[in-house]
Amino acid sequence: MTGTRWFAACIAVVTIGTATDMAAQNAAAHTRFDEPVQYALENLVSGTSTAALIRGAEVVVVPLRTWKSVDGFYCRRYEIRVTEAGAAPSEDQLTRCRTKDGVWRLVKQD
């Protein structure tokens with residue numbers, strides 16, 4: 001492999017690995033803050049918020065909109081803001097749909 005191709009292949013591997021690691025970290029973070037998310041999606045009107053302090057992080061969840069999926073399940077788009085001591089605040093918008101057992105499951109994001 002020439003020098004340029006080898007370098008490009010290394011960059012691709014690092015980029016893919018980093019994206020996979022970030023996705024895993026995001027999934028872990030959303031599991032960590034699942035309790036306020038479940039509460040907000042089940043109980044709050046869109047546009048209102050709830051806040052919780054979880055292991056030193058302030059978590060704010062705001063449901064944004066609600067709809068019924070083609071499968072008949074309720075889905076909600078929401079915003080989650082997390083502020084941890086010593087770190088820059090992070091913000092994300094995600095979608096969850098309510099299962100038959102009443103749990104709001106994260107929908108795979110594109």
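Is Thr95 buried or exposed? Select Thr95 and look: Thr95 is buried, at a relative accessible area of 10%. The cut-off for buried is under 20%. Keep in mind that this is a predicted model. We return to Thr95 below, after a look at the whole chain.

**Whole chain**

Show the protein chain as a cartoon. Two helices and five strands appear. Walk from the N terminus and the order is α-α-β-β-β-β-β. Now switch on the surface. About 7500 Å² is exposed, and carbon and sulfur atoms supply 57% of that area. Of the 110 residues, 25% count as buried. Among contacts with a separation of 6 or more, 31% join residues 24 or more positions apart.

**Colour by confidence**

Colour by pLDDT. The chain mean is 80, and 72% of the residues reach 70 or more. Select helix H1, residues 3-32: confidence is lowest here, with a mean of 46. Then select strand E2, residues 57-68, where confidence is highest, at 97. Go back to residues 3-20. The pLDDT is below 50 over this stretch, and beyond near neighbours in sequence the stretch has two contacts in the model.

**Strand E1: Thr50**

Next, select strand E1, residues 50-54, and pick out Thr50. Thr50 has a relative accessible area of 16%, so it counts as buried. What is Thr50 in contact with, leaving aside its neighbours within four places in sequence? Show Pro36, Tyr39, Ala40 and Leu44, then Val59, Val60 and Val61.

**Strand E4: Leu94**

Move to strand E4, residues 90-98, and select Leu94. Leu94 is buried because its relative accessibility is 6%, and the cut-off is under 20%. Now draw a C-alpha to C-alpha distance from Leu94 to Arg76. It reads 8.4 Å, across a sequence gap of 18 residues.

**Strand E4: back to Thr95**

Stay in strand E4 and select Thr95 again. Which side chain does the side chain of Thr95 meet in a polar contact? Display Arg77: its side chain makes that contact, at 3.0 Å. Now bring up the other partners of Thr95. Leaving aside neighbours within four places in sequence, the contacts of Thr95 include Trp67, Arg76 and Tyr78. Add Arg105, Leu106, Val107 and Gln109, which are also in contact with Thr95. Arg76 was the far end of the Leu94 distance, and Arg76 is in contact with Thr95 as well.

**Last view**

Finish with Thr50, Leu94 and Thr95 shown together. Thr50 is buried at 16%, Leu94 at 6% and Thr95 at 10%.

How values were computed. Residues are numbered from 1 along each chain as its sequence is written. Side-chain values use heavy atoms; hydrogens and water are left out. Helices (H or I, at least four residues) and strands (E, at least two) are DSSP runs, numbered from the N terminus. Buried means under 20% relative accessible area, exposed over 50%, partly exposed in between (1.4 Å probe, protein chains only). Contact means heavy atoms within 4.5 Å. Accessible areas come from the Shrake-Rupley method with a 1.4 Å probe; for residues, only the protein chains shown count as cover. pLDDT is the predictor's confidence in each residue, from 0 to 100. A polar contact is a pair of N or O atoms within 3.5 Å; within protein, one must be able to donate a hydrogen and the other to accept it, and residues adjacent in sequence count only if both atoms are side-chain atoms.
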